[in-house]
Amino acid sequence: MKKLFLTAAALAMSTSFAMADIGAGLVGNTVTLTGPDGSVTKVHYPDASNIVLRLADGAEIPGTWRVDANSICTTAGDQPENCTPPIEEAPVVGSSGTIDGEGGSVGWAVTAGKDF
């Protein structure tokens, strides 16, 4: 389940960044992911290199993130690093969308600050 949400987070972010300073809009903000079963995972970006995942069960998992060219790469818990495909638009608080995958649709939304 953790891997699903890390992948979903990466995919959600891939639709919400621009090539110029693609990670700047994440710092200090949270991406909320809602899985096909309604479970919610939140990813908070407290600074330019760390993340905290809050899983549906309330567990918090620390991790890291980095910009690699025009992709965002994240690592959390025991999961391997996961990078987005090339990113096209900068993140904006209030942005939201849906990502369709093999396991169903995952909704995402960017909110200001730490949202958990």
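1. Cys83 is found in strand β6. With a relative accessible area of 34%, Cys83 is partly exposed. Trp65 and Cys83 are separated by 18 residues in sequence, and their C-alpha atoms lie 9.3 Å apart in space. The model behind these values, and behind every point below, is a predicted one.

2. On overall content, the protein has one helix and eight strands. Their order along the sequence is α-β-β-β-β-β-β-β-β. The protein has 116 residues, of which 41% count as buried. Its accessible surface is about 5600 Å², and carbon and sulfur atoms account for 54% of that. Of the contacts between residues at least 6 apart in sequence, 48% join residues at least 24 apart.

3. Confidence should be read before the details. The mean pLDDT of the protein is 81, with 77% of the residues at 70 or more. Among the elements, β3 has the highest mean pLDDT, 97, and helix α1 (residues 2-14) the lowest, 52. Over residues 14-19 the pLDDT is below 50, although this stretch has 25 contacts in the model beyond near neighbours in sequence. Where pLDDT is low, the predicted coordinates should not be read in detail.

4. Strand β3 covers residues 50-54 and strand β4 residues 60-68; the two pair in the antiparallel sense over five bridges. One of the bridge partnerships is that of Asn50 with Thr64 in β4. The two strands form a hairpin with five residues between them. In the turn, Gly58 has a positive phi of about 95 degrees.

5. β4 also pairs with strand β5 (residues 71-76), again antiparallel, and six bridges join the two. Here Val67 has Ile72 of β5 as its bridge partner. β4 and β5 form a hairpin with two residues between the strands, and Ala69 takes a positive phi near 60 degrees in it. β4 is therefore a strand with two antiparallel partners, β3 and β5, by the criterion of at least two bridges per pair.

6. Which residues share partners in one salt-bridge network? A search of the whole structure finds three salt bridges, and the network involves Arg66. Glu81 forms a salt bridge with Arg66, with the closest N and O atoms 2.9 Å apart. This pair links distant parts of the chain, 15 residues apart: Glu81 is in the loop between β5 and β6 (82-83), and Arg66 is in strand β4. Arg66 also meets the side chain of Asp68 in a salt bridge, at 3.8 Å from N to O. Through the shared partners, Arg66, Asp68 and Glu81 are joined into one network.

7. How accessible are the members of that network: buried, partly exposed or exposed? Arg66 counts as partly exposed at 37% relative accessibility. Asp68 has a relative accessible area of 36% and is partly exposed. Glu81, at 41% relative accessibility, counts as partly exposed. These values fall between the cut-offs, since buried means under 20% and exposed means over 50%.

8. Another salt bridge is formed by Lys42 and Asp115, whose closest N and O atoms are 3.1 Å apart. Lys42 lies in strand β2 (residues 40-44) and Asp115 in the segment after β8 (104-111), so the pair ties together parts that are 73 residues apart in sequence. Lys42 is buried, with a relative accessible area of 18%, whereas Asp115 is partly exposed at 31%. Side chains of opposite charge can pair when their charged atoms come close.

9. Ser39 deserves a short entry. Ser39 lies in the loop between β1 (30-34) and β2. Its relative accessibility is 13%, so Ser39 counts as buried, the cut-off being under 20%. The side chain of Ser39 makes a polar contact with the side chain of Asp37 at 2.6 Å.

10. Points to keep in view when looking at the model: β4 pairs with β3 over five bridges and with β5 over six. Arg66, which lies in β4, belongs to the network with Asp68 and Glu81. The Lys42 and Asp115 pair ties together parts that are 73 residues apart in sequence. Helix α1 has the lowest mean pLDDT among the elements.

Technical notes:
Residues are numbered from 1 along each chain as its sequence is written. This is a predicted model: local features need pLDDT of at least 70, side-chain atom pairs count only at pLDDT 80 or more; totals for chains, interfaces and linings use all residues. Side-chain values use heavy atoms; hydrogens and water are left out. Helices (H or I, at least four residues) and strands (E, at least two) are DSSP runs, numbered from the N terminus. A salt bridge is a side-chain nitrogen of Lys or Arg within 4 Å of a carboxyl oxygen of Asp or Glu. Buried means under 20% relative accessible area, exposed over 50%, partly exposed in between (1.4 Å probe, protein chains only). A polar contact is a pair of N or O atoms within 3.5 Å; within protein, one must be able to donate a hydrogen and the other to accept it, and residues adjacent in sequence count only if both atoms are side-chain atoms. Contact means heavy atoms within 4.5 Å. Accessible areas come from the Shrake-Rupley method with a 1.4 Å probe; for residues, only the protein chains shown count as cover. pLDDT is the predictor's confidence in each residue, from 0 to 100.
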